[in-house]
Each structure stands twice: as structure tokens, then as C-alpha cells.
Amino acid sequence: MMKFIADRMLGKLVKELRMLGYDTVYFRGKDFHQFIHLVRQEDRIILTRDTKLGARRPQDRILTIMENDPSCQLKEVIQKVCLSLDEEILYTRCLLCNELIEAISLDQAEGKVPDFIFHQQKNFFRCPQCNRIYWQGSHLSNMKKRVKELLHIKSEARNSKFETILNDQISNDQNK
Ligand SMILES: [Zn+2]
């Protein structure tokens with residue numbers, strides 16, 4: 001499973017990757033050494049808007065996001081990297097913390113979500129870090145359409161001959 005680390009310019013992309021279930025660190029610090037340490041330690045792919053970073057760090061896996069429009073950046077990632085859009089991991093992470101959310105009982109959810117939601121929904125989840133509560137019928141379900149569109153993009157990308165340096169690097173890594 002690919003893991004990512006994104007720079008501060010890519011907040012929307014970070015949330016969308018988490019929505020898809022991908023472990024994605026949102027790095028807003030200024031300490032570049034700490035950034036690189038995380039990359040190495042946790043074997044993360046760098047997502048950046050810095051077009052010069054790739055040339056400076058040929059040893060790291062870097063995906064430079066060229067798309068200015070945040071609503072198109074996830075599409076760019078999917079087209080450039082072999083991301084699998086796995087239904088199993090969809091909506092398993094907190095969009096704010098990147099933590100895996102955990103199923104909680106109805107008792108635990110009662111009083112913590114709006115009443116009409118409580119009566120509508122059967123399954124609730126909680127982020128162990130920020131305690132935010134999630135449920136399937138929330139805003140998340142509105143994203144299903146978008147995910148379907150992404151799956152479509154994905155199959156197009158697979159059929160095209162689109163290849164990137166990043167993919168080459170990944171296959172090189174796997175051959176080592
Ligand atoms: Zn959280």
C-alpha cells in the first residue's frame with residue numbers, strides 16, 4: 001500500500017487521499033530535515049508543488065503536482081501513479097488526523113451526533129485521536145459519485161500508455 005507525505009500547498013489533496021483510505025501525512029512544518037526523515041523512515045512518496053524538488057532529490061520518490069486547481073489534483077495523482085481505488089479501505093481514515101477510524105456502538109454515538117442522524121444510521125465510527133464521529137450516510141456518501149468517476153479515470157489511465165518517472169522508480173525499487 002502506497003503511503004504519502006504532502007507539502008502545505010496540498011491540503012485538499014491530502015483529505016481526498018485519506019478519504020480513499022491512503023495513509024497521507026500533511027506536513028506543514030518548516031523543518032526540511034524532519035520532512036525527509038519521515039519520508040525515509042516511513043517509506044512515503046512525496047507529493048509537492050515544488051517543481052525543483054525532484055531534481056534536487058533524485059533518490060526519493062517524488063510526484064510533482066502540476067495541476068493548479070485543487071479539485072483536479074487527485075485526478076493527476078491517479079493518472080500518474082498506479083493507485084488502486086480499493087472499496088475495502090474507502091472511508092477508513094479520519095480526514096483530519098489520518099488515523100484509522102474505529103467502529104463504536106450505538107450507545108457511544110448517542111448524544112454525540114444529531115438526533116435525526118442517530119435514528120437514520122446504524123454504523124458509527126470514531127477517530128481515536130480527535131474523537132470526531134463518522135457515519136456512512138454523511139457527507140462521505142456524497143463522495144461516492146466522485147469516487148466512481150475516479151475509478152473511471154483510473155481505468156482510462158491503465159489503458160493508456162501513460163507512464164511516469166515515478167512509476168519507473170517504484171518498479172526499480174521493487175526489483176532491488
Ligand atoms: Zn481525527
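Tyr91 sits in the loop that links helix H4 (70-80) to strand E5 (102-104). Helices (H or I, at least four residues) and strands (E, at least two) are DSSP runs, numbered from the N terminus. Phi of Tyr91 is near 60 degrees, a positive value in a residue other than glycine. The model is a predicted one: local features need pLDDT of at least 70, side-chain atom pairs count only at pLDDT 80 or more, and totals for chains, interfaces and linings use all residues. Residue numbers start from 1 along each chain, as its sequence is written.

**Loop residues with positive phi**

- Is Tyr91 buried or exposed? Tyr91 counts as buried because it has 21 C-beta neighbours inside 10 Å.
- Here, buried means 20 or more other C-beta atoms within 10 Å of a residue's own, exposed means 12 or fewer, and partly exposed lies in between; the C-beta atoms are placed from the backbone.
- Asn131 also has a positive phi, near 65 degrees, and is not a glycine. Its place is the loop between strand E6 (124-126) and strand E7 (133-135).
- Asn131 is exposed, with 10 other C-beta atoms within 10 Å.
- Asp43 comes just after H2 and takes a positive phi of about 50 degrees.
- Helix H2 itself (residues 32-41) has one buried residue out of ten, so it lies largely in the open.

**The parallel sheet**

- Four strands make an open sheet with parallel pairing, in the order E2-E1-E3-E4. Strands count as paired if DSSP finds at least two bridges between them.
- Why is one side of E2 and of E4 left without a neighbour in the sheet? Strand E2 (24-26) and strand E4 (62-64) stand at the edges with a single partner strand each, so one side of each stays free of a neighbour in the sheet.
- Neighbouring strands are turned by 20 degrees against each other on average, direction ignored. Axes are lines fitted to C-alpha atoms, for helices over the stretch in contact, and angles run from 0 to 180 degrees between N-to-C directions.
- Strand E1 (residues 4-6) pairs with E2 in the parallel sense over three bridges. Phe4 stands opposite Thr24 in E2.
- E1 also runs parallel to E3, joined by three bridges. In this pair, Ile5 faces Ile46 in E3.
- E3 pairs with E4 in the parallel sense, again over three bridges. Thr48 stands opposite Thr64 in E4.
- E3 is covered on both faces: Ile45 and Leu47 are buried on one side, Ile46 and Thr48 on the other.
- In a regular strand, side chains alternate between the two faces of the sheet.

**The largest nonpolar core**

- This core has 23 residues; Phe4, Ala6, Leu13, Ile46, Leu47 and Leu63 touch the most other members. A nonpolar core is a set of buried Ala, Val, Leu, Ile, Met, Phe, Trp, Tyr and Cys residues joined through C-beta atoms within 7 Å.
- E1, helix H1 (11-19), strand E3 (45-48), E4 and H4 each give two or more residues to the core.
- Which element gives the most to this core? H1 does, with four residues.
- Ile46 touches Ile5, Val39, Asp60, Arg61, Ile62 and Leu63, not counting residues up to four places away in sequence. Contact means that C-beta atoms, placed from the backbone, lie within 7 Å.

**Model confidence**

- The protein chain has a mean pLDDT of 83, and 81% of its residues reach 70 or more. pLDDT is the predictor's confidence in each residue, from 0 to 100.
- Residues 158-176 have pLDDT below 50; beyond near neighbours in sequence, this stretch has eleven contacts in the model.

Technical notes
Contact = placed C-beta atoms within 7 Å.
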